[in-house]
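The following exercises are to be solved with the sequence and the coordinates at hand. Each task is followed by a worked solution.

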Amino acid sequence: MTTRTLPHAAYDRLTAAVARDTGDRRTAALWSHAAALVRRAHEHGLAPADERPPGPDGLLKSLESLAGCHPALAPLADPAVLPLWEQPLGSAAWNTIEEFWDRHPALGDERRVDGYALGDAYQLLSDEARKGRALC
């Protein structure tokens, strides 16, 4: 598998920038990762065919739509699992996330549809995941 993994510091800067808006690094990592996940789902036709709605509210709508596609994806719409609905995101933080993923796609091999690279991105975005669950 070929991924375009950036240095840890690049992901750390993204998480820190978004955390200035959310007030919490964990929530910043979740917003950033959810944006990458939804983006990849739309790019690979795994999300409903409509356009990817813009902004944080559009991301939440896309997560709800994905959650309804398969029972295994239901946690994407569960605030107890993914507490994004309780932590609003400002437009400047959203723009930071979008610009990051525009410049640095979450997957290096555009043809592959798997979760490995997205998992790698999450462990780079989240100190908690890296310390508690990552295989690095």
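**Exercise 1.** Which exposed residues does the face of helix 4 turned away from its buried side carry?

Solution. The model is a predicted one. Begin with the length of the helix: helix 4 covers residues 91-103, and its 13 residues should span 18 Å at 1.5 Å a residue, which agrees with the 18 Å between its end C-alpha atoms. Next, list the residues of helix 4 that fall under the 20% limit for burial: Ala93, Trp94, Ile97, Glu98, Phe100 and Trp101 are buried. Viewed down the axis of helix 4, these buried residues fall within an arc of 160 degrees, so they line one face of the helix. The general background is that an α-helix has 3.6 residues a turn, so residues three or four places apart point the same way. Finally, turn to the face directed away from the buried side: the exposed residues there are Ser91, Ala92, Asp102 and Arg103.

**Exercise 2.** Determine which salt bridges involve Arg39, and state which residues are joined into one network.

Solution. The structure contains three salt bridges in total.

- Step 1. Arg39 pairs with Glu98, with 3.1 Å between the closest N and O atoms. Since Arg39 belongs to helix 2 and Glu98 to helix 4, this pair ties together parts 59 residues apart in sequence.
- Step 2. Arg39 also pairs with Asp102, where the closest N and O atoms are 2.7 Å apart. Asp102 lies in helix 4 and Arg39 in helix 2, so parts 63 residues apart in sequence are tied together.
- Step 3. Through these shared partners, Arg39, Glu98 and Asp102 form one network.
- Step 4. Assign the accessibility of each member. Arg39 is buried at 8% relative accessibility, and Glu98 is buried at 16%, whereas Asp102 is exposed at 53%.

**Exercise 3.** With which residue does Asp12 form a salt bridge, and which helices hold the two partners?

Solution. The partner of Asp12 is Arg25, the closest N and O atoms being 2.3 Å apart. Asp12 lies in helix 1 and Arg25 in helix 2, 13 residues apart, and the pair links distant parts of the chain. Both accessibilities lie between the limits of 20% and 50%: Asp12 is partly exposed at 28%, and Arg25 is partly exposed at 32%.

**Exercise 4.** Identify the residues of the largest nonpolar core that touch the most other members, and the element that gives the most to this core.

Solution. Of the 29 residues in this core, Leu59, Leu63, Leu84 and Ile97 touch the most other members. Helix 1, helix 2 (25-43), helix 3 (55-67) and helix 4 each give two or more residues. Helix 2, with eight residues, gives the most. Taking Leu63 as an example, and leaving aside neighbours within four places in sequence, its contacts are Ala34, Leu37, Val38, Leu76, Leu82, Leu84 and Trp85.

**Exercise 5.** Is Tyr11 buried or exposed, and how many residues separate Tyr11 from Phe100 in sequence?

Solution. Locate Tyr11 in helix 1 (residues 8-22). Its relative accessibility is 4%, so Tyr11 counts as buried. Phe100 is 89 residues away from Tyr11 in sequence, while their C-alpha atoms are 9.0 Å apart in space.

**Exercise 6.** How many helices and strands are there in the protein, and what share of its residues counts as buried?

Solution. The protein has six helices and zero strands. Of its 136 residues, 43% count as buried.

Notes. Residues are numbered from 1 along each chain as its sequence is written. This is a predicted model: local features need pLDDT of at least 70, side-chain atom pairs count only at pLDDT 80 or more; totals for chains, interfaces and linings use all residues. Side-chain values use heavy atoms; hydrogens and water are left out. Helices (H or I, at least four residues) and strands (E, at least two) are DSSP runs, numbered from the N terminus. Buried means under 20% relative accessible area, exposed over 50%, partly exposed in between (1.4 Å probe, protein chains only). The expected span of a helix is 1.5 Å times one less than its number of residues. The arc is that of the directions from the helix axis to the C-beta atoms. A nonpolar core is a set of buried Ala, Val, Leu, Ile, Met, Phe, Trp, Tyr and Cys residues joined through side-chain atoms within 4.5 Å. Contact means heavy atoms within 4.5 Å. A salt bridge is a side-chain nitrogen of Lys or Arg within 4 Å of a carboxyl oxygen of Asp or Glu.
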